[in-house]
Amino acid sequence: MSSDHSNVSVHEHPPPSFGVPNLKLAFWLFLASDCMLFGSLIATYLSYRGKDQLFGNGPYPLDLFSVEVTTISTFDLLMSSVTMVLAVAAIQRGNMFQTRLWLGLTALLGAIFVGFQGYEFTHFYLEGLKLQGNLFGSTFYVLTGFHGTHVTLGVVWLLLVLATTFTKHKGMVTHLNVEVAGLYWHFVDIVWIVIFTLVYLMEYTV
Amino acid sequence: MASPAIVLPEHCSEEKLSGIWSWITTVDHKRIGVMYGVSALSFFVLGGVEALAIRTQLAMPNQSIVGAHFYNSLVTMHATTMIFLMVMPLSAAFFNYMVPLMIGARDVAFPRLNAFSFWTFLFGGLFINSSFFFGEAPAAGWFGYANLTSIQYSPGPGVDFWALGLQTLGVASLAAGFNFIATILNMRAPGMSLMRMPVFVWMTLVVQFLVILSFPMITVALILLSFDRMFGTNFYVPEAGGDPLLWQHLFWLFGHPEVYILILPAMGIVSEVLPVFARKPLFGAPFVIFSGILIGFVGFGVWSHHMFTTGLGPVADTAFSLATMLIAIPTGVKIFNWLATIWGGSIRFTTAMLFALGFISMFTIGGLSGVMHASPPIDLHHQDSYFVVAHFHYVLYGGAILGLFSGIYYWFPKITGKLMDESWGKVHFWSSIIGLNVTFFPMHFLGMQGMPRRVYTYEGGFGWDLWNLCATVGAFTLAISALIFFINLLKSLANGEQAGNDPWDGATLEWTLTSPPPVHNFDLMPKVTSERPFWDQKYGSTHGHDDTTEVAEEEQLPAEIHIHMPPASYWPMVVSFGVITFFGGWMIHPAVAVCGALTVIVGTVAWTFEPE
């Protein structure tokens, strides 16, 4: 694009009236929307919590949970937020090597979390917790499964952003693209903190 | 001074912008708006035919023109079609076409995402309706109450079509929601502060916030439903401890904001039409705007007034009753502001103006019966009776649809360059008003006399015979009025009078452009100095500002301006196809759904790497 008439308000790159780039603004809106999605799923889980006991319909959460294992996977996911912050900081400094390093590490930590979840699902299933079995099974698998899907999509996304850093396509590897992927990643992380507290830790309180 | 020459990229040349392929791959908000409009009006005909079948069946007692089950399908599909495939997309047509023009933008924030929204909506609508040809149309009502929707009580594929189709439509609406909020907040022309935005744009903004915050809840409700039906989960299964009321909560948490998603666009249109044809600025515009925001906000806190009869207890009933009555206040503020706008104005009774006035009067009737339902003891009597049917048809036909018709008559000249025929328009208006009152007013009586909703026939001798026949006559009057509208539309399109740029002496930016507007909208970004920029330009400021003359003319303009236009793309349609394959695929085989998901991923990646 020629820029020899930059003094005129033509429709080249209108400055965002709201001060936030379009992509970032739209993404914040998506996160608001996704909050309602997880809010509904969590509300569903909580409204059915403990109902199986009334129906004598096991297995119950404490028969299955291993808070040690889930704490490790939670720690893993929290650390991925740290590496994500480092990736955003690296691309802000223009350091491509570190950007790739931290993006890759974030995706790896995310994949490890998904692996933990796969292990947990398999383990619970073999212990007798079926999607169709009782309300705990239905609500637990759907809530944590949706979160796991979000993490998986996040890993794919991070790998795509990582792939674009190797392309010749200038303008793809922008600070904004990494930052927006980071927004998503932190959001998924925060949702997990809520799920970990409400679904797992709350079972250990009186 | 001479205006600069506009140079558009090669892909915007005349021959590149004709033919079917150019429509399929278009990312132009104006063309997408037109496609939304045409699709919505086609679904309007379909939903109307369903309504006629319903009214024919109910014209006299003990008829069996359609069977009980097919009648249920008709009721379900009439509501689903009119809400999701007619009123919402027709509103979207105006959002698409008008919002960028009214805020002085070249397009929406994400043009390809916009195309994706349209195709996803269209595929979703066709998918739900294809159920008529694949065994069974949905028959559990548009509200789909659990556990009527369970495999046990709805064994056919209808509910699956409905649930998966609505998911698809939800994806379309959500994508459009993010897009339009970003557009409105971020792409306003210099000087157009939020409070200078046209009220229609404001109402669009409120509606999109309602969409992005309420649709996820029905998404979850439908996911749980589909899981129950396809994978045997227990979310709505009482025997396993599941609670059918969970569905009602999730559904109405979405469903009540949805009511405002349907009506606020019409309120926005009326707020544009009334000032122009009364030749007065909108009375108390900030109050109209804040009332709209308040309606949207409180609209999230009233959902349980749809559930008074489920026995939520006196505390919940009181809270929701109060909140519901509160919503009448901002609504009333708007109505009085509209009345004050026309008060003392020099009114021109064009068809657009008549429909706007019709909106105010008919919507008020629907609003009054609505406030009655806010009282739980009264609601207990009205619940599931024809009184409720009367109420929401006054709000949706007398409100939303009359408002949208007003918008069609108002903006048709801008979109096509032709005026719609005014005498046919007036016949359309009066036949609509007569038809809708003859159809829906007697339903108040039927409800009071105890006629339940959603029954496919009734015994004679309850005093229902006359009013049912009356409603059926009214329904056919409405059909004739719609026919008159379509004749007028086609006639005016073929050989309507030339409209010129500004046939109504408009106040907002879209009237500064040619009719139809050029593909790139504005040559120069308009400078806005008040909420009525075009009136200021024509008549001088009414605000005492001195900077009303076009600032752009003061600047040194280059001889030619190169305008960046996004190239056409077929990827949005491919991704939409992936979305519908993903959702629809579950009905065939999970492998098909996986193919759909892969199409979405591949399409999205290709889309990302496309030059913008």
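**Figure 1. B:Trp252 sits in helix α7 (residues 244-278) of chain B.** This close-up, like the others here, comes from a predicted model. Is B:Trp252 buried or exposed? With a relative accessibility of 7%, B:Trp252 counts as buried, because the limit for that class is under 20%. Look around the side chain and you will meet the residues that B:Trp252 touches, leaving out those up to four places away in sequence: B:Trp142, B:Phe143, B:Tyr145, B:Pro257, B:Trp303, B:His306 and B:Met307. B:Ile218 is also worth finding: 34 residues separate B:Ile218 from B:Trp252 along the chain, and their C-alpha atoms are 8.4 Å apart.

**Figure 2. A cis peptide bond joins B:Ala146 to B:Asn147.** Omega for this bond is near -5°. To place it in the fold, find the loop that runs between α4 (111-130) and α5 (158-186) of chain B, where B:Asn147 lies. Why pause here? Most peptide bonds are trans.

**Figure 3. The loop between α14 (465-495) and α15 (533-539) of chain B holds a second cis bond, at B:Pro516.** The bond in question runs from B:Ser515 to B:Pro516, and its omega is near -10°. Further along, this loop also contains B:His520 and B:Asn521. Which phi does B:Asn521 have? Its value is near 65°, which is positive although the residue is not glycine. Most residues other than glycine have a negative phi. B:Asn521 is buried, with a relative accessible area of 0%.

**Figure 4. B:His520 is a buried residue of the loop between α14 and α15 in chain B.** Its relative accessible area is 6%, so B:His520 falls under the 20% limit for buried residues. What does the side chain of B:His520 pair with? It makes a polar contact with the side chain of B:Asp523, at 2.7 Å. Beyond its neighbours within four places in sequence, B:His520 is in contact with B:Ile6, B:Leu8, B:Arg106, B:Ile563 and B:Met565.

**Figure 5. B:Arg454 has a positive phi in the loop between α13 (422-448) and α14 of chain B.** The angle is near 60°, and here too the residue is something other than glycine. How accessible is B:Arg454? At 30% relative accessibility, B:Arg454 counts as partly exposed, because that value lies between the 20% and 50% limits.

**Figure 6. Chain A and chain B meet across an interface that buries about 4200 Å².** Of this buried area, 69% is on carbon and sulfur atoms. Counting residues, 53 of chain B are in contact with 48 of chain A. Which residues of chain B lose the most area to chain A? They are B:Asn186, B:Met525 and B:Phe609, and together they make up 16% of what the chain B side buries. For orientation on the partner, chain A has seven helices and zero strands. Buried residues make up 45% of its 206 residues. Among the contacts in chain A with a separation of 6 or more, 80% are between residues 24 or more positions apart.

**Figure 7. Helix α1 (residues 22-48) of chain A crosses helix α6 (residues 199-231) of chain B.** The two axes come within 8 Å and cross at roughly 35°, and the crossing is right-handed. From α1(A), the residues that take part are A:Leu29, A:Ala32, A:Ser33, A:Met36, A:Leu37, A:Ser40, A:Leu41 and A:Thr44. They meet B:Phe209, B:Ile212, B:Leu213, B:Pro216, B:Met217, B:Thr219, B:Val220 and B:Leu224 of α6(B). What classes of residue make up this contact? There are 12 nonpolar residues, four polar ones and no charged ones.

**Figure 8. A:Ser33 is a buried residue of helix α1 in chain A.** Its relative accessibility is 4%, so A:Ser33 is within the buried class, which means under 20%. What does A:Ser33 touch, not counting residues up to four places away in sequence? The residues are B:Leu174, B:Phe178, B:Ile212 and B:Pro216. Elsewhere in chain A, A:Phe124 is 91 residues from A:Ser33 in sequence and 31 Å away in space, C-alpha to C-alpha.

Notes. Residues numbered from 1 in each chain as written. Chains lettered and ligands numbered in written order. Predicted model: local features only at pLDDT ≥ 70, side-chain atom pairs only at ≥ 80, totals over all residues. Heavy atoms only, no water. Axes fitted to C-alpha atoms, helices over the stretch in contact; angles between N-to-C directions. Helix = DSSP H or I, 4+ residues; strand = E, 2+ residues; numbered from the N terminus. Left-handed = near helix turned anticlockwise from the far one by under 90°. Contact = heavy atoms within 4.5 Å. Nonpolar A, V, L, I, M, F, W, Y, C, P; charged D, E, K, R; others polar. Buried < 20%, exposed > 50% of the residue type's maximum accessible area, 1.4 Å probe, protein only. Polar contact = N/O pair within 3.5 Å; in protein donor to acceptor, adjacent residues only side chain to side chain. Buried area = accessible area lost by both parts, 1.4 Å probe.
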